[in-house]
Amino acid sequence: MTELSIGVEIDGQKMLIPAIVPTLTEEEISFLSAGGDPRTNESIKKKASDHAIDRMQRGKSPFYGDR
């Protein structure tokens, strides 16, 4: 698995962001690899949102390959 996106609302705007981010634990990655829905895991949603917000504040796309 190389990409998994989730829909979230950030600053009142609905957007897709990557759910697989560098701050996930091995347990969280295993959860996703086993087909777990990231929308049902608050820790994964928070880490994904935090990562996306950080990248956007630095003028980058929330997705790694995008600028």
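## Exercises on a predicted model

Asp11 lies in the loop between S1 and S2. The structure is a predicted model, and the exercises below start from this loop and work outwards.

### Exercise 1. The hairpin and its turn

Describe how S1 and S2 are joined, and state what sets the backbone of Asp11 apart.

Step one is to locate the strands: S1 covers residues 5–10, while S2 covers residues 13–18 and runs antiparallel to S1, with six bridges joining the two. Step two is to look at the end of the pairing, where Ile10 stands opposite Gln13 in S2. Step three is the connection itself, since S1 and S2 form a hairpin with two residues between them. In that turn, Asp11 has a positive phi of about 50°, although Asp11 is not a glycine. The last step concerns the surroundings of this residue: Asp11 has a relative accessibility of 81%, which is over the 50% cut-off, and therefore counts as exposed.

### Exercise 2. The two faces of S1

Sort the residues of S1 into a covered and an uncovered face, and explain why they fall into such a pattern.

Begin with the covered face, which holds Ile6, Val8 and Ile10. The uncovered face of S1 then consists of Ser5, Gly7 and Glu9. The pattern follows from a general rule, because side chains in a regular strand alternate between the two faces of the sheet.

### Exercise 3. The largest nonpolar core

List the members of the largest nonpolar core, and find which element gives the most residues to this core.

The first step is the list itself, which has eight residues: Ile6, Val8, Ile10, Met15, Ile17, Ala19, Ala48 and Ala52. The second step is to ask where they come from, and the elements that give two or more residues to this core are S1, S2 and helix H2, which spans residues 42–57. Of these, S1 gives the most, with three residues. A third step follows one member outwards: leaving aside neighbours within four places in sequence, Ile10 is in contact with Met15, Ile17, Ser49, Ala52, Ile53 and Met56. One of these partners, Ile53, has its place in helix H2, and with a relative accessible area of 29% Ile53 is partly exposed.

### Exercise 4. Distances along the chain and in space

Compare separation in sequence with separation in space for the pair Leu32 and Val8 and for the pair Ile53 and Phe63.

Take Leu32 first, a residue of helix H1, which spans residues 26–33. Leu32 has a relative accessible area of 4%, and because this is under 20% the residue is buried. Along the chain Leu32 and Val8 are 24 residues apart, and their C-alpha atoms are separated by 17 Å. For the second pair, Ile53 and Phe63 are 10 residues apart in sequence, with 11 Å between them from C-alpha to C-alpha.

### Exercise 5. A buried charge without a salt bridge

Determine what lies around the side chain of Arg55, given that Arg55 is buried.

The starting point is that Arg55 is found in helix H2. Next, look for a partner of opposite charge: the nearest such side chain is that of Asp54, but it is 7.0 Å away, and Arg55 has no salt bridge. The final step turns to backbone oxygens, where that of Ser61 lies 2.6 Å from a polar atom of the Arg55 side chain, and that of Phe63 lies 3.3 Å from a polar atom of the same side chain.

### Exercise 6. Salt bridges and their exposure

State how many salt bridges the model has, and describe the accessibility of the residues in three of them, including the pair Asp37 and Arg39.

The count comes to five salt bridges. In one of them, Asp37 and Arg39 have their closest N and O atoms 2.7 Å apart; here Asp37 is partly exposed at 25% relative accessibility, whereas Arg39 is exposed at 53%. In another, Glu42 and Lys45 have their closest N and O atoms 3.1 Å apart, and both residues lie in helix H2, three residues apart, about one turn of the helix. Glu42 is exposed, with a relative accessible area of 55%, while Lys45 is partly exposed at 24%. Lastly, the side chains of Asp54 and Arg58 meet in a salt bridge at 3.0 Å, N to O, with Asp54 partly exposed at 35% relative accessibility and Arg58 partly exposed at 47%.

How values were computed: Residues numbered from 1 in each chain as written. Predicted model: local features only at pLDDT ≥ 70, side-chain atom pairs only at ≥ 80, totals over all residues. Heavy atoms only, no water. Buried < 20%, exposed > 50% of the residue type's maximum accessible area, 1.4 Å probe, protein only. Helix = DSSP H or I, 4+ residues; strand = E, 2+ residues; numbered from the N terminus. Pairing = 2+ DSSP bridges. Core = buried A, V, L, I, M, F, W, Y, C linked by side-chain atoms within 4.5 Å. Contact = heavy atoms within 4.5 Å. Lys, Arg positive; Asp, Glu negative; His and termini not counted. Salt bridge = Lys/Arg side-chain N within 4 Å of Asp/Glu carboxyl O. Polar contact = N/O pair within 3.5 Å; in protein donor to acceptor, adjacent residues only side chain to side chain.
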